[in-house]
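Colleague: I have a model open and want to go through its charged pairs and its packing. Can we take it step by step?

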Amino acid sequence: MKKNKMKNSLVLVALVVCMFSFAQDKKWTLEACVNYALENNITVKQSELDTETAQENIVSAKGNFLPSVNGSTSGNFNFGSYIGQDGSRISSNTFGSSLSVNTGVTLFNGFRNTNLYKQAKLGLESSQVQLQKLKDDISLAVVNSYLNALLNKENYKIAEEQVRVTEQQVERIRILFNEGSQPKTALFDVEAQLASNKEQLINAQNGIDLALLNLAQLLQISHRGFDIEEVTFDLSSVELMYNDTDEIYNKALENRPEIRAAEISIENSELDIKIAKSAFYPSVSLGAGLGTSYQHTLGEKDRITIVDVDNPGSIAYIPIYEPTDLVNPILIQSTDPRNPANYKSIPNGFGKQFNNNLGYNVGVSVSVPIFNGNRTRASVNRSIISNKRMAYGLEQAKQDLLSTIENAYLDARAALNQYKASNASLIAQEEAFRTANESYSLGVMTSFEFEQVRNRLINAQSTLANSKYNFVFKSKLLEFYNGTPITLD
């Protein structure tokens, strides 16, 4: 039995390990990397919580238009002498309680609640555009890191090709040395070059590992088994899609979240001015309430003595008031109260007292500000100054956006020119290397001269790779500001 359980456990662990390995060994596309980062990045999740908080602020702002309802109750014990409900002093131990419910609603407060509600809605929009700006920044960072990994993979291929070529040279020189047509120093030279090329290959692999590590850390996942899909770019007839920056800038003004965030700041500061000015206006509120009470003498039953009008007696009547209701006393026509036969005791418990003592109130209050040491005026002036500051902030955001787009455009154009020049240089260096390889094979060129030609070829290949990926990123950046989603198609 234990062996079967252990066997099943081992199988389960193996399946989990295999599933984990499969999940990590998959080739990540750029789209998958961007989507994963936007869905799982901790900073994005925190910003999404800010949006949820802003939504709750709207709920709170709506509540300012609704009436408030509050209930209260109290209970107290009295020992010794106290004043009773009929105004007489009573010497006994009693328990008393009261209950009240009050409600109030603001009818007018200088449109303060209206402007606070508008501010809450702007706060939600502001949090949304800030979230979008954060997502845009993360997307660009992922694209840049992804292209950097592709560049390092291409540099690795270049280094790998150089190792292959040098290995062929070592074999050729070894044959010539064995035949006696090449000195041993020539064999030592190419073997040393092979060792150098293998070192460069190791460095290129380290570059790939580091680039993939940076991308995995940006995605906040494990780098073990992490790899990306390789992308082939056709730049045979590449040209810039744009002639100038005006078209891109005009679209960016309409779509970029940083511009909308600056505009929201201005709108919010304008509402701050209105809110500050609302303190100059009177405020009007409506209130209503009800209350009741209960009183009990400790050690006695809750009863009350009233005049028995059914008992015949003197025809001389005098007014008698029920002592439990001091607000609206009940007038009872009674016979001579000096006759004990005219009185009787009835129950006066909790429910009856609360019902008899129940009272209501309603009222309207008006508060008119007259003078508060110029604090309201100073608050208004501060809000006006803040509004001017926000206006400058919008202009600065526009200038920053224009500078970013213009720099991106010039960088893209320079990267394109660099790519074309590097491509032409590579073609020339490949031809020079082909000729040098033939000369070196025939013994016409020394190994030192041949290595110089090959180093120029390696440099041309690396330069072309760098200029290619630099141009791809810069051109994609222009498309991004033009409102086009970044892809590597």
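Colleague: Which residue forms a salt bridge with R174?
Modeller: This is a predicted model. Side chains of opposite charge can pair when their charged atoms come close. For R174 the closest N and O atoms are 3.3 Å apart. The partner is E171.

Colleague: In which helix do R174 and E171 both lie?
Modeller: The two are three residues apart, about one turn of the helix. An α-helix has 3.6 residues a turn, so residues three or four places apart point the same way. R174 has a relative accessible area of 30% and is partly exposed, and E171, at 45%, is partly exposed as well. The helix is α4, residues 112–179.

Colleague: How many residues apart are K474 and D411?
Modeller: K474 and D411 form a salt bridge, with the closest N and O atoms 3.7 Å apart. The pair links distant parts of the chain. K474 sits in helix α10 (residues 447–481) and D411 in helix α9 (residues 375–441). Their spacing in the chain is 63 residues.

Colleague: Is K474 buried or exposed?
Modeller: Its partner D411 has a relative accessible area of 35%, so D411 is partly exposed. K474 has 18% relative accessibility. The cut-off for burial is under 20%. K474 therefore counts as buried.

Colleague: What is the N to O distance between E431 and R434?
Modeller: Both residues are in helix α9, three residues apart, which means about one helical turn between them. E431 is partly exposed at 41% relative accessibility. R434 is partly exposed too, with a relative accessible area of 41%. Their side chains meet in a salt bridge at 2.4 Å.

Colleague: Which residues do salt bridges with shared partners join into one network?
Modeller: The structure holds 18 salt bridges. Some of them share partners. The network they make consists of E125, R260, E263 and E267.

Colleague: Why do the buried residues of α6 line one face of the helix?
Modeller: Helix α6 covers residues 246–255, and I248, Y249 and A252 are buried in it. Look down the axis of α6: its buried residues fall within a limited arc, so they line one face. That arc is 95 degrees.

Colleague: What covers the buried residues of α6?
Modeller: The buried residues in this helix are I248, Y249 and A252. Several helices take part in covering them. The cover includes α7 (257–277), α9 and α10.

Colleague: Which element gives the most to the largest nonpolar core?
Modeller: The core has 78 residues, of which V142, L147, L219, F226 and I228 touch the most other members. Elements giving two or more residues are α2 (30–40), α4, α5 (184–219), α6, α7, α9 and α10. The top contribution is 16 residues. It comes from α4.

Colleague: Which residues does L147 touch, not counting those up to four places away in sequence?
Modeller: L147 is among the core residues that touch the most other members. Leave out residues up to four places away. The list is F233, Y469, V472, F473 and L488.

Colleague: How many contacts beyond near neighbours does the stretch 312–335 have in the model?
Modeller: The protein averages a pLDDT of 85, and 85% of the residues score at least 70. Residues 5–23 stay under 50, with zero contacts beyond four places in sequence. Residues 312–335 are also below 50. Yet the model gives 312–335 contacts beyond near neighbours, and the count is 42.

Definitions and conventions. Residues numbered from 1 in each chain as written. Predicted model: local features only at pLDDT ≥ 70, side-chain atom pairs only at ≥ 80, totals over all residues. Heavy atoms only, no water. pLDDT = per-residue confidence, 0-100. Contact = heavy atoms within 4.5 Å. Salt bridge = Lys/Arg side-chain N within 4 Å of Asp/Glu carboxyl O. Helix = DSSP H or I, 4+ residues; strand = E, 2+ residues; numbered from the N terminus. Buried < 20%, exposed > 50% of the residue type's maximum accessible area, 1.4 Å probe, protein only. Arc of directions from axis to C-beta. Core = buried A, V, L, I, M, F, W, Y, C linked by side-chain atoms within 4.5 Å.
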